[in-house]
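Reader: I have a structure open here and would enjoy talking it through with you. Could we go step by step?

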Amino acid sequence: ALGYNPKMFITGPGGSFEEYIIHQVEMLVNICKKKPVKAKVETVGLTSEGTVMYEDGSRAKLIYSPRYPFTVYADDGVESGEQKPVVSGYFTTLMEEILKFFETGELPFDSQQTLDCMKIRETLVKCFENDGQWIEL
């Protein structure tokens with residue numbers, strides 16, 4: 001079992017960092033319920049590695065590359081780690097949730113979580129444009 005403060009690595013592909021990093025951010029926010037304080041991105045070739053630092057000093061890595069599949073890896077830094085490929089019926093579920101929203105008017109997600117995702121994504125895009133610099137959220 002993973003401890004209280006696992007180290008997170010989330011990888012994923014896409015057409016561009018700016019467009020596709022949101023998918024890794026959504027996974028991160030959904031898994032790691034902490035308050036982020038700053039971020040940075042370092043790029044080498046086609047691979048960009050984003051680091052999100054939390055107020056408790058822990059960090060998560062978001063690694064974008066057109067070569068990497070969507071994967072989530074977490075370990076407790078002591079005894080175990082777990083890697084999971086991200087596979088889902090996402091688009092089928094999305095269509096069902098959209099139809100349900102139009103029928104009921106109820107959001108199928110936490111609106112604060114969406115705002116948190118966008119804040120992190122916006123900061124990571126600024127970091128991508130300022131390679132290697134920490135930027136406060």
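Reader: Which residues of helix 1 are buried?

Author: Happy to start there, with the reminder that this is a predicted model. Helix 1 runs over 17-31, and a residue counts as buried when its relative accessible area is under 20%. The residues of helix 1 that pass this test are Phe 17, Ile 21, Ile 22, Gln 24, Val 25, Met 27, Leu 28 and Val 29.

Reader: How far apart are the end C-alpha atoms of helix 1?

Author: Let us start from the expected span, which is 1.5 Å times one less than the number of residues. Helix 1 has 15 residues, so it should span 21 Å. The model agrees with that expectation, as the end C-alpha atoms of helix 1 are apart by 21 Å.

Reader: What pattern does the protein follow along the sequence?

Author: The parts to place are three helices and seven strands. Taken in sequence order, they give β-α-β-β-β-β-β-α-α-β.

Reader: Of the contacts between residues at least 6 apart in sequence, what percentage join residues at least 24 apart?

Author: Contact here means heavy atoms within 4.5 Å. Counting contacts in the protein between residues at least 6 apart in sequence, the share that joins residues at least 24 apart is 62%.

Reader: Is Thr 123 buried or exposed?

Author: Thr 123 is part of helix 3. Leaving out residues up to four places away in sequence, Thr 123 touches Ala 39, Ile 135, Glu 136 and Leu 137. Its relative accessibility is 7%, and because the limit is under 20%, Thr 123 counts as buried.

Reader: Which residue forms a salt bridge with Glu 122?

Author: A good one to look at on screen, since Glu 122 also lies in helix 3. Glu 122 is partly exposed at 46% relative accessible area, and its partner is partly exposed at 40%. The two are four residues apart, about one turn of the helix. Their side chains meet at 3.6 Å, N to O, and the partner is Lys 126.

Reader: How many residues apart in sequence are the parts that Asp 56 and Lys 34 tie together?

Author: The side chains of Asp 56 and Lys 34 form a salt bridge with an N to O distance of 3.3 Å. Asp 56 sits in the loop between strand 3 (47-54) and strand 4 (59-64), while Lys 34 sits in the loop between helix 1 and strand 2 (36-44), so the parts tied together are apart in sequence by 22 residues.

Reader: Glu 42 forms a salt bridge with Lys 40; which of the two is buried?

Author: The closest N and O atoms of this pair are 3.9 Å apart, inside the 4 Å limit for a salt bridge. Glu 42 has 35% relative accessibility and so counts as partly exposed. With a relative accessible area of 15%, the buried partner is Lys 40.

Reader: Which helix supplies the largest share of the lining of the second largest pocket?

Author: This pocket holds about 210 Å³ of space and is lined by 13 residues, with Lys 34, Lys 35, Pro 36, Asp 116 and Ile 120 nearest its centre. By type, the lining has seven nonpolar, one polar and five charged residues. Two helices, helix 1 and helix 3 (111-129), each supply at least two of the lining residues. The largest share is four residues, and it comes from helix 3.

How values were computed
Residues numbered from 1 in each chain as written. Predicted model: local features only at pLDDT ≥ 70, side-chain atom pairs only at ≥ 80, totals over all residues. Heavy atoms only, no water. 1 Å grid on protein atoms, 1.4 Å probe; cavity = no way out; pocket = protein on both sides within 12 Å on 5 of 7 lines; lining within 4 Å. Points joined across faces, edges and corners; volume = space filled by probe spheres on them. Nonpolar A, V, L, I, M, F, W, Y, C, P; charged D, E, K, R; others polar. Buried < 20%, exposed > 50% of the residue type's maximum accessible area, 1.4 Å probe, protein only.
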